[in-house]
Amino acid sequence: QRSKLASTLQNLDGRSYGNYKQIRGRYEFGPVTVFVDRVQVDPFASPSKVRIRINRAEAGFPTDITTDRADRIAASDFLFRVGNEFLHHSNRRAIILGRPGQEVLERTNVIIDDEGFEARLLVNLPARGRRILGHQAADILTRDVPELAQAMFVHSNLARHSSGHESRDSSGDASGQSSSDGSGEASGHGPDGGLREHVQLHRDQLELQNHLGEEGLLAFIGNGAILPRRSGDSDLPMDSSAVAFTSPSSLEHTVTLSSGRSLTGMAIPRGVTVIVGGGYHGKSTILRALERGVYPHIAGDGREWVITEPSATSIRAEDGRAVTGDDISPFINNLPSGTDTRSFTTTNASGSTSQAANLVEAVEVGARTLLIDEDTSATNFMIRDERMRALIPADREPITPFVDRIRPLFTRRGVSTILVAGGSSAFFEVADHVIGLDAYVPQEVTAKAHELVGVDADDLERSNPDQRTVAGSAGPDNTEHESVDTDESVDSGGETFTTPQPRTPTAKALHPSSKTKSAKAKGLGQVQFGKAFIDLAAVSQLIDPQQTTGIAEALEYMAEIFDDRTSLTEALAEVEDMLDAQGVDGLTGNRDHPGHVARPRAQEIAAALNRFRGLRLVE
Ligand code: ADP
Ligand code: MG
């Protein structure tokens, strides 16, 4: 009955737009089911919600790569990209599937469940003025949409449409790493080759990330990786002029994964690592690759084997942000105003206080690794030189610079730092490793740096890092892995990194006055929450506008959790548990079509909550 929807739409031709609502419902097109879940009320409203679904048996995908949860994320991502290619090449602009980037994210756009495969579309139903264009609408919904489903979900069609999907390097191995997996079926040329490779790459990336955790390593950059991007506004790899990454021999690490893939590259251990080098020699580029390394990248990106521990968080100065009740006392104390910095609140933080707030908030949510670039840091937060220490007495200077806190942060809280510092030698004496970049080529220069400042590597305080583990998965629950050092006498500055008081938001503050749809993403860098706007422009590991939508949904979800007793980290843990159990669909109230949402990390959800100017804490 291909024609029931078609004839309805044809009959609606020329009638007023509101009549489109009649087409709500469910339609079968061979093996493809089309659900029209929500119909827009006028041509300028947000597009109509349509789902396409196909049963497992009809789709015919191998179950060995579409059953495991992580495999499903990767396979969904692959089919999402196939669908996008199809829409792009066939120029079907009325149908929106969402835009993939260079990372593989968990999203609602395409899902795989036990029964089958489903894509969530947004469709702009066509109009002339406010009149229905019924014949065009029939073409879109009864021809284009089922064709898209066929292209994405019918296994035997996939080979045709997925050609050209793999970017640049069809072997899927731009970083030149060896793969001993030479079997013809799995090499990308069989009917499900592209899908199988996509899933296998994702498996290997997760296995490498787990391996790093087990070995006490924070990050890995494979030899051959292409770190620089094409331009400041493109996330695509730089062209052939890029210098491929090579590890310094002293930090080189080789791992053979269970797939047989063998990887060699630079492994950054726990502790303090400082990246130095002349201006423009590639320091920030490495740090930016590491900050993206918390997400897996697609084949051909150049960062496939840049893998960072999943809780790693970028910390920068962000003056002007609001801060609510943070304990920044390890860094800032004795303010001339007399303000208590154990519960510091401001509507307009300075460079240094904002950076301190960003840091303690990241640690509160379970960051095990901090990524800090001098380019985006407040100098007075980072360092203070000897002459300044001599000129300004300690009791007149509220700031204890990060250089004095970076080691206790590791020994007391188990939080490591990877830091770019080309302008000051101050961090040499606290660094476990110093990596020097020369024309994008890294060398380990630790011995030289330590010699310059008269430090012996063995003198560095290390509270038996072997007893600590870097958890293999992200999330606030990581804090339970912390073994807090009880020895209070080691720290010289007075304020120590004991676990701060949990912060408990009031239930009321999270319920903005306008009740309906209280949180909404505004592009990548902003969330509207009630009447307030939350600025996320400085949150650099927020990478996809759909994650911002996820954050908006998470804020609404958490608003229901807060009850004047639940702390911020407890609420986040609850959100993470729900996401693990139900996927991103669980974030939204819509049971049928959730819209286009991607999973944000707990760190980025917390970042939004912490920047919300209406946040209030229970005393
Ligand atoms: P730094 O932070 O040391 O000043 P950047 O990381 O900002 O340097 O890099 C400076 C420039 O060099 C950027 O335009 C960047 O794209 C480019 N670049 C970085 N790494 C490489 C590389 N491996 N090959 C080629 N160009 C690179
Ligand atoms: Mg730089």
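1. Helices, with at least four residues each, and strands, with at least two, are DSSP runs numbered from the N terminus. The model under discussion is a predicted one. In these terms, helix H7, residues 283–292, gives the largest share of the shell around ligand 1, namely three residues.

2. The surroundings of ligand 1 deserve a fuller description. There are 14 residues around ligand 1, and those that come nearest are Gly282, Lys283, Ser284, Thr285 and Tyr440. Sorted by class, the shell holds seven nonpolar residues, six polar residues and one charged residue.

3. The UniProt record, an unreviewed entry, lists residues 4–153 as "domain: ATPase of the ABC class N-terminal". In the model, helix accounts for 36% of the span 4–153 and strand for 25%. The C-alpha atoms at the two ends of residues 4–153 are 23 Å apart.

4. Strands E1, E2 and E3 may be taken together. Strand E1 (residues 25–29) pairs with strand E2 (residues 32–38) in the antiparallel sense, over five bridges. E1 and E2 form a hairpin, with two residues between them. Glycine 30, in the turn of this hairpin, has a positive phi of about 60°. Phenylalanine 29 is found opposite valine 32 of E2.

5. Strand E2 also pairs with strand E3 (residues 48–55): the two run antiparallel and are joined by six bridges. Here valine 32 stands opposite isoleucine 54 in E3. Valine 32 thus appears in both pairings, opposite phenylalanine 29 and opposite isoleucine 54.

6. A further sheet is open and consists of four strands in the order E12-E13-E9-E15, with antiparallel pairing. Its edge strands are E12 (252–256) and E15 (306–308), each of which pairs on one side only. On average, neighbouring strands of this sheet are turned by 35° against each other, direction ignored.

7. Within that sheet, strand E9 (residues 217–222) and strand E13 (residues 262–269) run antiparallel and are joined by five bridges. Alanine 219 has isoleucine 268 in E13 as its bridge partner.

8. The last point concerns a pair of helices. Two packed helices are described by the angle between their axes and by the distance between those axes. For helix H14 (residues 568–582) and helix H15 (residues 602–611), the axes come within 10 Å and cross at roughly 135°. Angles over 145 degrees count as roughly antiparallel, and 65 to 115 as roughly perpendicular. H14 and H15 are therefore oblique to each other. The crossing in which H14 passes H15 is right-handed.

Key. Residues numbered from 1 in each chain as written. Chains lettered and ligands numbered in written order. Predicted model: local features only at pLDDT ≥ 70, side-chain atom pairs only at ≥ 80, totals over all residues. UniProt positions renumbered as here; feature names shortened; annotations may be inferred. Near = placed C-beta within 6 Å. Nonpolar A, V, L, I, M, F, W, Y, C, P; charged D, E, K, R; others polar. Pairing = 2+ DSSP bridges. Axes fitted to C-alpha atoms, helices over the stretch in contact; angles between N-to-C directions. Parallel < 35°, antiparallel > 145°, perpendicular 65-115°, else oblique. Left-handed = near helix turned anticlockwise from the far one by under 90°.
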